[in-house]
Amino acid sequence: MVENWKKFLMPYEQAVSELKIKLRGMRKQYQQNNEHAPIEFVTGRVKPIDSIKEKMQRRYITEDLLEQDMQDIAGLRIMCQFVEDIHEIVGLLHQRTDMKIVEERDYVSNVKPSGYRSYHIVIEYPVQLISGEKLILAEIQIRTMSMNFWATIEHSLNYKYQGEFPETLKARLKRAAEASFMLDKEMSEIREEIQEAQQLFSYGKWQNALEKATENDSEGEMPD
């Protein structure tokens, strides 16, 4: 078994930290251009040691193959407002030269039997260490907020039932997944209306802030 987990996981922690900054930077560029940002927000984590050990045992992954066979030790999640945003982000990631896509799994078009939807991309990412460059694998999951809500609930229930859901619960989860996707489809239908409203709302907040700042400046002026 790995003797020093802290040392082993350090490059993964660095990768997650760097990738979060880069992906959030993509969102900021859209905002600066006054364009709809396909990225709503980004989260990331390094897989806990207990989870790594459990998966090694469950998937029969040996220590010498851990770095290449466990692709999600470093994990990033990109949340979107619309299904169309997912494919836009995939295209953006394909254009980047600071990472290499080694595997893709489209569970948006190819839904899992459980109803799970998400787009998974495994990348090879170079981390710069004092000992030199180290290539590590990281998984990026791209999904709408609706998909993420369903997946989070399903993941929690999976811990309770260890994957062996009662048939009635399995059926209800499947129906919930379909309802969740119908919500995404409806939001896509009125996407232009939503984006216009969001722009007006953001502009209104900016105007209010400007007016408030002007009022504060006026109140602080010296009398003639």
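**View 1. Phe8 and Tyr12 are both buried.** In this predicted model, the two residues share helix 1 (residues 5–32), where four positions, about one turn of the helix, separate them. Their rings make a tilted aromatic pair, with 5.7 Å centre to centre and 40° between the planes. Look for Trp5 here too, since Trp5, Phe8 and Tyr12 form one aromatic cluster. A search of the whole structure turns up four aromatic pairs.

**View 2. Tyr161 and Phe165 form an edge-to-face pair.** Why is this pair edge-to-face? The planes of the two rings stand at 65°, and planes over 60 degrees apart count as edge-to-face. The ring centres are 5.9 Å apart. Tyr161 has 26% relative accessibility, so Tyr161 counts as partly exposed. Phe165, at 12%, counts as buried, because buried means under 20% relative accessible area.

**View 3. Lys112 lies over the face of Tyr107.** Here Lys112 is 4.7 Å from the centre of the Tyr107 ring. Which other ring has the charged end of Lys112 over it? That ring belongs to Tyr116, and the distance to its centre is 5.2 Å.

**View 4. The whole protein holds seven helices and five strands.** To place the close-ups, follow the sequence through the pattern α-β-α-α-β-α-β-β-β-α-α-α. Of the 224 residues, 37% are buried. Among contacts with a separation of 6 or more, 65% join residues 24 or more positions apart. The protein exposes about 14300 Å², and carbon and sulfur atoms supply 51% of that area.

Key. Residues are numbered from 1 along each chain as its sequence is written. This is a predicted model: local features need pLDDT of at least 70, side-chain atom pairs count only at pLDDT 80 or more; totals for chains, interfaces and linings use all residues. Side-chain values use heavy atoms; hydrogens and water are left out. Buried means under 20% relative accessible area, exposed over 50%, partly exposed in between (1.4 Å probe, protein chains only). Contact means heavy atoms within 4.5 Å. Accessible areas come from the Shrake-Rupley method with a 1.4 Å probe; for residues, only the protein chains shown count as cover. Rings of Phe, Tyr and Trp (its six-membered ring) pair if their centres lie within 6.5 Å; planes under 30 degrees apart count as stacked, over 60 as edge-to-face and the rest as tilted. A charge sits over a ring if NZ of Lys or CZ of Arg is within 6 Å of the ring centre and within 35 degrees of the ring normal.
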